[in-house]
Amino acid sequence: MIPYGKHHIDEDDIQAVVKVLKSGALTQGPVVEEFEIAISKYVGSKFAVAVSSGTNALHLAYKVGGVKSGRSILTSPITFVATANAAKYCGGDVNFVDIDPKTINLSPNALTKFINEINNVNVIVPVHFAGLPCDMPAIKNIADNSNAVVIEDASHALGAIYPSGKYVGSCENSLMTVFSFHPVKSIAAGEGGVITTNDETVYRHLLRLRSHGINKLDDQLILKDQAFSNGQKNPWYYEMQELGFNYRITDIQCGLAISQLSKLDKFISKRRQLAKIYDEEFLKMSNCYPIHSQNRELSSHHLYVLQIDFDKISINRAELMNELKKRGIGSQVHYLPITNHPYYKNTVTSLQPEAAKYYSKALSIPLFYDLQSSEQEKVISAFLELVG
Ligand SMILES: Cc1ncc(COP(=O)(O)O)c(C=O)c1O
């Protein structure tokens, strides 16, 4: 079966993990910081904090961004549920705004209209869907006018570039950016996530929250009478200053991630090349078209998504997916709009006609570094036969 997405592991990756296993430090060793420095350098941020998953990265980012009971995030309904769930973990609410049909990203126009209707939004969360950057200057402007902060969910977008030329993750228009290293993403760590920021106070807060809320670096100690003896800090002493979590990532995962990061540009360039081959074929077909074909130079190409006019063909989406499966081709829908899930069904939110329209036609087809030409041809032939 050709999956819709898959990681690439080579001998260097294996040796990088073996090296960590032999080093003696499996967690809380030096490789975590090495990875954080490498990511910061790649995306152009001052700081990075690596954690155990993208979901946990979102949870910490929202907590530091001030999401709590009585406060709300505003995000796109076309994303993975984790974008919304992490706000719920903080006790906050989630509101959804419609997408721009051209980008499938949060629509700045819909955002402007909706943000004036609700007064408890303190975080706006653009999601760079399938790896295409959102219109960040417009979103930042709206956030500034509403006293909200921006936290980017860039789980799909490590290696993507804004029109300004800066990398997603540089936080040029946000307080924090979150990445995921789940195996189908740009690089794999098994599980893992990173938060990047340029704000030192945010960075230090994230470090504490990652590890139980215990003081880190040269944080001021609160209970000085038990922290110090004769003016010197007691050597055993640490203090938990607020309720944090164990969201630490291991050195084993970071060893793999560093090795993968060194291949990121190669991964993206191959994905782009494959996407352009698909574009050429699918743009000729009459009953379907690819999203994002105009913006290949900016995207990290996490997914290749088609919009299919099921009204014009003789099979529906379930039948098409089953026919593809019979031919050894995997496909998936990204995503069921979050408000369609039972848990979120009663969320009071704005209308999202564009998200509904997009969802009714969406199907992701195989795109990954190791996709062979013969496999890609097989996918294209199957679409010529089944969709026309
Ligand atoms: C848009 C988006 N946000 C957040 C996440 C959560 O990341 P993780 O699986 O690393 O927890 C994902 C992962 O699928 C995602 O696609």
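**Reading the cores, the sheet and two helices**

Biologist: How many residues make up the largest nonpolar core, and which of them have the most contacts inside it?

Modeller: That core has 44 residues, and Phe35, Ile124, Leu158 and Phe181 have the most contacts inside it. A nonpolar core here is a set of buried Ala, Val, Leu, Ile, Met, Phe, Trp, Tyr and Cys residues joined through side-chain atoms within 4.5 Å. Buried means under 20% relative accessible area, exposed over 50%, and partly exposed in between (1.4 Å probe, protein chains only).

Biologist: Which elements give two or more residues to this core?

Modeller: They are α2 (30-43), β1, α5 (108-115), β4, α6 (136-145), α9 (251-261) and α10 (264-282). The largest share comes from α2, with 6 residues. Helices (H or I, at least four residues) and strands (E, at least two) are DSSP runs, numbered from the N terminus. There is also a second, separate core of 32 residues, which includes Leu58, Met176, Leu207 and Leu209.

Biologist: Before we go on, what sort of model is this?

Modeller: It's a predicted model, where local features need pLDDT of at least 70 and side-chain atom pairs count only at pLDDT 80 or more, while totals for chains, interfaces and linings use all residues. Residues are numbered from 1 along each chain as its sequence is written, and side-chain values use heavy atoms, with hydrogens and water left out.

Biologist: Back to the first core, then. What does Phe181 touch?

Modeller: Setting aside residues up to four places away in sequence, Phe181 touches Phe35, Ile39, Leu158, Ile187, Ala188, Ala189, Gly190, Glu191, Gly192, Gly193 and Val194. Contact means heavy atoms within 4.5 Å.

Biologist: How do I read the sheet? In what order do its strands come?

Modeller: The general idea is that strands of a sheet pair through backbone hydrogen bonds, either parallel or antiparallel. In this case 7 strands form an open sheet in the order β1-β7-β6-β5-β4-β2-β3, with mixed pairing. At the edges stand β1 (47-51) and β3 (93-96), each with a single partner strand, so one side of each has no neighbour in the sheet. From one strand to the next, the twist averages 25°. Two strands pair if DSSP finds at least two bridges between them.

Biologist: Let's zoom in on β6. How does β6 pair with β5 and with β7?

Modeller: With β5 (residues 149-153), β6 (residues 176-180) runs parallel, joined by 3 bridges. Glu152 stands opposite Thr177 there. With β7, the pairing is antiparallel, over 5 bridges, and Val178 faces Ile195 across it.

Biologist: And which way do the β6 side chains point?

Modeller: In a regular strand the side chains alternate between the two faces of the sheet. In β6, Met176, Val178 and Ser180 point one way, Thr177 and Phe179 the other. The strand is mostly covered, with 5 of its 5 residues buried.

Biologist: Which helix lies across β6, and at what angle?

Modeller: Helix α3 (residues 54-65) runs at about 165° to β6, lying across β1, β2 (72-75), β4 (121-125), β5, β6 and β7 (193-197). Axes are lines fitted to C-alpha atoms, for helices over the stretch in contact, and angles run from 0 to 180 degrees between N-to-C directions.

Biologist: How do I find the sides of a helix such as α11? Which residues are buried there?

Modeller: Look at the arc, taken from the directions from the helix axis to the C-beta atoms. For α11 (residues 317-326), the buried residues are Arg317, Leu320 and Leu324. Their arc is only 60° around the axis, which puts them on the same side of α11. They pack against β11 (304-308), α12 (353-361), β12 (362-365) and α13 (373-386). The face turned away from that buried side carries exposed Lys325 and Lys326.

Biologist: What caps the N-terminal end of α11?

Modeller: Asn316 does, with a side-chain oxygen 3.2 Å from the backbone nitrogen of Ala318. After α11 comes Gly328, with a positive phi near 80°.

Biologist: Is Asp309 buried or exposed?

Modeller: Asp309 sits in the loop between β11 and α11, and is buried, at 14% relative accessible area. The side chains of Asp309 and Lys361 make a polar contact of 2.9 Å. A polar contact is a pair of N or O atoms within 3.5 Å; within protein, one must be able to donate a hydrogen and the other to accept it, and residues adjacent in sequence count only if both atoms are side-chain atoms.
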